[in-house]
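User: I'm new to reading protein models and would love a walk-through. Could you show me how to go from the overall fold down to single residues?

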Amino acid sequence: MPAHVKFLARHALVGFSIGLLAVVAIVWLDLFNVGSLIAGSSQRWMAYGMLSFVFGLTFGSLQMGFAIMLLPYGDESDASD
């Protein structure tokens, strides 16, 4: 597998994990009554799944974007000369 694909996949996984942790925190702390609203739903697993997927996708995309934008541009050793 090419190095750039591994780089993007690794950062997407990190971002997806952060998104899942955010969902767990929102539901556990019952921020804005999201946890209570989902717990009272008849299709709570679908709500958990959709919320987790959307948060994971968003945070994964953000993490990939940050990783790409923070890559060094060109050969930075020339800048000190």
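User: Where do I start? What pattern does the chain follow along the sequence?

Analyst: Start with the order of helices and strands. This is a predicted model, and reading along its sequence you get α-α-α. That's three helices and zero strands.

User: How spread out is the chain next to a compact globule?

Analyst: For that, put the radius of gyration beside what a globule rule gives. Here the chain comes out at 18 Å, well over the 12 Å that the rule gives for 81 residues, so it is more spread out than a compact globule. The C-alpha trace tells you about the outline too: along its principal axes it spans about 65 × 30 × 10 Å.

User: And how much of the chain is buried?

Analyst: Of the 81 residues, 17% count as buried. On the outside, the chain exposes about 6400 Å², and carbon and sulfur atoms supply 73% of that.

User: What share of the contacts comes from residues 24 or more positions apart?

Analyst: Take the contacts with a separation of 6 or more; residues 24 or more positions apart account for 77% of them.

User: Let's zoom in on one helix. How does the reach of helix 3 fit what is expected?

Analyst: The trick is to go from the first C-alpha to the last. Helix 3 has 26 residues and reaches 37 Å, close to the 38 Å expected at 1.5 Å a residue.

User: Which residues of helix 3 are buried?

Analyst: They are Ser52, Gly56, Gly60 and Ala67. Next you ask what covers them, and the cover includes helix 1.

User: Can you take me through Ser52 as an example? Why does Ser52 count as buried?

Analyst: The idea is to check the relative accessible area against a cut-off, and buried means under 20%. Ser52 has 19%, so it is buried. Its place is in helix 3, residues 44–69. Leaving out residues up to four places away in sequence, Ser52 touches Phe16, Leu20 and Val23.

User: Now from the other side: is His11 buried or exposed?

Analyst: His11 counts as buried, at 18% relative accessibility. You'll find His11 in helix 1, residues 3–29. With the same sequence neighbours left out, meaning those up to four places away, His11 touches Gly60, Gln63, Met64 and Ala67. Two of these names, Gly60 and Ala67, are also on the list of buried residues in helix 3.

User: What about nonpolar side chains on the surface? Which residues form a patch there?

Analyst: Look for exposed nonpolar side chains that sit together. Phe16, Leu20, Phe53, Val54 and Leu57 form such a patch, with about 440 Å² of accessible area together. Helix 1 and helix 3 each give two or more residues to the patch, and helix 3 gives the most, with three. One of the members, Val54, lies in helix 3 and is partly exposed, with a relative accessible area of 48%.

User: Last one: what should I look for in backbone angles?

Analyst: Check the sign of phi, because most residues other than glycine have a negative phi. Asp30 is not a glycine, yet has a positive phi of about 55°. Asn33 isn't a glycine either, and has a positive phi of about 60°.

User: Where do Asp30 and Asn33 lie?

Analyst: Asp30 lies in the loop between helix 1 and helix 2, and Asn33 lies in the loop between those helices as well. Asp30 counts as partly exposed at 27% relative accessibility, whereas Asn33 counts as exposed at 51%.

Technical notes. Residues are numbered from 1 along each chain as its sequence is written. This is a predicted model: local features need pLDDT of at least 70, side-chain atom pairs count only at pLDDT 80 or more; totals for chains, interfaces and linings use all residues. Side-chain values use heavy atoms; hydrogens and water are left out. Helices (H or I, at least four residues) and strands (E, at least two) are DSSP runs, numbered from the N terminus. Buried means under 20% relative accessible area, exposed over 50%, partly exposed in between (1.4 Å probe, protein chains only). Contact means heavy atoms within 4.5 Å. The radius of gyration is taken over C-alpha atoms; the globule rule is 2.2 Å times the number of residues to the power 0.38. Accessible areas come from the Shrake-Rupley method with a 1.4 Å probe; for residues, only the protein chains shown count as cover. The expected span of a helix is 1.5 Å times one less than its number of residues. Patches are made of residues with over 30% relative accessible area and no salt bridge: like charges are joined within 9 Å, nonpolar side chains (Val, Leu, Ile, Met, Phe, Trp, Tyr) within 5 Å. A salt bridge is a side-chain nitrogen of Lys or Arg within 4 Å of a carboxyl oxygen of Asp or Glu.
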